[in-house]
Amino acid sequence: MFGSNILEIAIGIIFVFILVSTICTAIREGIEAKLKTRAAYLEQGIRQLLHDTDGTGLAKALYEHPLIYGLFNGGYTAGKQNKSPDLLAKGSNLPSYIPSKTFAAALMDIAAQGVTTNATDATTGAPVITLDAIRKNVTEMQNPEIRRVLLYAIDTAKGDLNKAQANIEDWYNSGMDRVSGWYKRSTQWVILWIALVVTIALNVNTIKIVKYLAKNDTQRKMLVASAEAAAKDTSKQIGYQAAQTQLDAQNLPIGWDNDCLTSAKMDPAAPNSFWNTFMGPLLGWLITAFAATLGAPFWFDMLNKVMVVRSTIKPNEKSGEGAPKDSQTPQVITINTNPPPTGGGGGITDATADQNPPPPPDPPAPGDTEPDGCGVTSTDLTGDQGLPESKGGMI
Amino acid sequence: MAFSLTWLPDVLVNAGLKVAESPGWETRGHGDMGNVLGVLCHHTATPGKNSGNMPTLNTLITGRPDLPGPLSQLGLGRDGTYYIVAAGKCYHAGAGLWRGITSGNSNLIGIEAENTGGRDDSPWPAVQMDAYHRGVAAILQHIGKSADFCAGHKEYALPVGRKSDPDFDMDVFRAAVTDILNGAAPAPVLIPVVTPATPTQPARATLRRGLPNDPALVKIVQTKLGLTADGDFGPNTEAAVRAFQSQHGAVPDGIVGPQTWLMIDP
């Protein structure tokens with residue numbers, strides 16, 4: 001049981017991480033939609049790629065080229081001239097993505113028409129685009145770095161226009177990898193901050209949840225059941241709403257009560273101490289926040305890995321794929337209740353079974369539906385005056 | 001004719017517990033029980049932490065419109081008093097499985113302990129939890145079972161997760177029951193019948209509803225509590241004592257013992 005419990009706790013925690021990171025990602029998406037940081041990064045990446053740091057030359061020409069101008073509203077204004085863009089740089093209305101084919105086509109067209117030619121006077125005596133014409137124009141470009149890149153692309157294409165375009169696309173793509181790198185790093189920073197806020201706002205304390213799951217069998221099994229359902233869902237997509245509802249439904253020791261201090265404490269019953277009221281919650285929140293930074297996809301993969309490990313430990317779960325089984329079926333309890341007849345291995349030792357054979361349980365009587373009145377809402381409450389007289393408990 | 005669980009009050013009183021029999025309990029039940037194989041622990045989840053000692057008692061006896069009572073054999077009040085509801089079968093278990101028992105209503109004695117099941121009522125009052133342990137231990141000892149045959153409703157109920165009561169850890173609970181069964185637990189704390197004399201007060205008897213109380217002492221209590229001093233310790237006086245005790249952080253059992261005497265008339 002030891003290994004299985006540990007794994008179940010791990011599954012539960014990973015599932016909580018998935019839900020929290022989904023919420024964080026959703027918030028990040030919202031911020032991104034507002035600020036368009038990706039567009040700012042792309043713009044800066046293109047300026048660096050084209051060696052046009054102030055955004056007045058080739059980068060401006062590229063953004064204003066009809067092929068790319070159509071991708072966004074309004075006009076092009078160069079962003080700030082930093083070494084790397086801010087965490088939350090505003091991309092205003094620039095495009096978030098420029099396809100490499102479009103970029104290459106636009107750049108070659110600019111090269112063919114000459115840098116000084118802008119879109120409006122391209123009609124006058126427009127030259128036919130051939131590699132030779134482009135090469136001739138490129139040699140006259142003012143931008144020596146780009147001149148070298150383009151000449152290299154044209155010369156290695158050996159007269160094939162498509163090959164030249166492909167070369168430019170490759171060059172652009174390697175530049176875009178860098179942009180993606182920047183963006184990923186900045187996103188992780190932003191998500192870390194979001195995660196910290198979300199974790200503290202929801203009071204998701206990993207240490208506390210682990211403790212709770214370790215003690216509370218029912219909640220742990222319910223959480224694992226939800227996690228299994230999520231892992232089987234091949235789309236691996238949970239929306240913000242779904243994530244929040246799931247998190248609420250798990251009945252975990254998270255969230256805040258009216259008494260803030262008590263809900264933050266590691267153990268509400270224990271007296272105040274450095275660990276209980278300060279260090280414990282802080283550490284727990286940090287763990288959750290850092291875990292959420294890794295993102296939901298990471299934790300989905302992790303969940304599937306742990307599920308595989310678990311199914312190797314619990315062989316009866318593995319057959320679930322062949323014969324569809326209700327994931328709610330309590331495997332563990334089934335083992336408990338069917339003790340092996342005599343000394344059979346694999347079961348859980350039943351302390352009383354070897355003392356004396358218990359009288360057989362009554363089979364449910366026909367028509368006996370086993371009603372359950374527990375948890376009934378009381379309609380007429382019994383006041384203390386209405387209680388019967390008590391006895392006992394005295395010397 | 002009385003049903004078979006008529007031994008319940010004696011077994012619980014002998015374990016040092018407070019017991020109150022609801023009138024007519026001996027003949028109450030949906031037929032008689034089958035073999036008694038264990039105990040199923042519940043909490044009532046009736047909202048309102050301050051709604052009284054056992055506000056769910058009437059519901060346990062009479063049931064609800066769609067399901068007639070009794071709904072459990074025993075109710076456990078916040079002060080640790082066991083209320084005997086029925087001696088026959090009760091509708092408390094529903095579908096489930098525990099140690100091969102699938103017919104919980106026929107094979108398990110149900111104990112509904114008064115608790116909201118929420119954070120407002122956690123942790124449980126120590127006196128109630130102690131009585132829960134001791135009562136379950138006494139019943140299991142009487143039917144010759146180990147603590148393994150005491151299940152939480154949440155553990156028994158199927159499908160898993162159908163029920164969440166009781167809201168405490170059943171493994172810890174069973175460990176405490178095992179200690180009592182093995183004699184490893186301390187003896188139960190009982191209320192002395194006499195409060196020793198103090199420099200200012202003579203020795204005074206413990207007052208309790210149902211005891212042959214000294215009317216003079218009862219009048220003192222009633223005067224202090226602002227009631228009509230008729231010298232009769234009845235349900236109203238008991239309820240007033242309970243209210244006084246819970247205001248002053250004592251166990252609200254309605255019994256005027258040494259602690260309550262000190263608070264009420266030092």
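At what angle do the axes of helix α6 (residues 131–139) and helix α7 (residues 144–156) of chain A cross? They cross at roughly 160°, and the two axes come within 10 Å. The model is predicted. This briefing covers chain A, chain B, three helix pairs and one buried arginine, R242(B).

**Chain A overall**

- Chain A has 395 residues, and 43% of them count as buried.
- Its secondary structure consists of 16 helices and 1 strand.
- The area that chain A exposes is about 20,900 Å², with 60% of it supplied by carbon and sulfur atoms.
- Among the contacts in chain A with a separation of 6 or more, 75% are between residues 24 or more positions apart.

**Chain B overall**

- Chain B has 266 residues, of which 58% are buried.
- Its secondary structure includes 9 helices and 10 strands.
- Chain B exposes about 9,800 Å², and carbon and sulfur atoms account for 56% of that area.
- For contacts in chain B between residues at least 6 apart in sequence, 66% link residues at least 24 apart.

**Helices α6 and α7 of chain A**

- The crossing angle of roughly 160° makes α6(A) roughly antiparallel to α7(A), because angles over 145 degrees count as such.
- The crossing of α6(A) past α7(A) is left-handed.
- On the α6(A) side, the contact is formed by L131(A), I134(A), R135(A), V138(A) and T139(A).
- On the α7(A) side, the contact residues are R147(A), L150(A), L151(A), I154(A) and D155(A).
- By type, the residues of this contact between α6(A) and α7(A) are 6 nonpolar, 1 polar and 3 charged.

**Helices α9 and α10 of chain A**

- Helix α9 (residues 206–215) and helix α10 (residues 217–232) of chain A pack with their axes 5 Å apart, at an angle of about 110°.
- α9(A) is therefore roughly perpendicular to α10(A), since that term covers angles of 65 to 115 degrees.
- Helix α9(A) contributes Y212(A), L213(A), A214(A) and K215(A) to the contact, while α10(A) contributes D217(A), Q219(A), R220(A) and L223(A).
- The residues in the contact of α9(A) with α10(A) comprise 4 nonpolar, 1 polar and 3 charged.

**Helices α4 and α6 of chain B**

- In chain B, helix α4 (residues 126–143) packs against helix α6 (residues 170–181) at an angle of about 60°, and their axes are 9 Å apart.
- At that angle, α4(B) is oblique to α6(B).
- α4(B) makes a right-handed crossing with α6(B).
- From α4(B), the contact involves M129(B), Y132(B), H133(B), R134(B), V136(B), A137(B), L140(B) and Q141(B).
- From α6(B), the contact involves F173(B), A176(B), V177(B), I180(B) and L181(B).
- The contact residues of α4(B) and α6(B) are 10 nonpolar, 2 polar and 1 charged.

**Residue R242 of chain B**

- R242(B) lies in helix α8 (residues 235–247) of chain B.
- R242(B) counts as buried because its relative accessibility is 2%, and the cut-off is under 20%.
- Apart from neighbours within four places in sequence, R242(B) is in contact with D384(A) and L387(A) of chain A.
- Within chain B, and with the same neighbours left aside, R242(B) is in contact with N53(B), D79(B), Y83(B), P252(B), D253(B) and G254(B).
- R242(B) and G254(B) are separated by 12 residues in sequence, and their C-alpha atoms are 4.5 Å apart in space.

Key:
Residues numbered from 1 in each chain as written. Chains lettered and ligands numbered in written order. Predicted model: local features only at pLDDT ≥ 70, side-chain atom pairs only at ≥ 80, totals over all residues. Heavy atoms only, no water. Axes fitted to C-alpha atoms, helices over the stretch in contact; angles between N-to-C directions. Helix = DSSP H or I, 4+ residues; strand = E, 2+ residues; numbered from the N terminus. Parallel < 35°, antiparallel > 145°, perpendicular 65-115°, else oblique. Left-handed = near helix turned anticlockwise from the far one by under 90°. Contact = heavy atoms within 4.5 Å. Nonpolar A, V, L, I, M, F, W, Y, C, P; charged D, E, K, R; others polar. Buried < 20%, exposed > 50% of the residue type's maximum accessible area, 1.4 Å probe, protein only. Areas by Shrake-Rupley, 256 points an atom, 1.4 Å probe, with all protein chains shown as cover.
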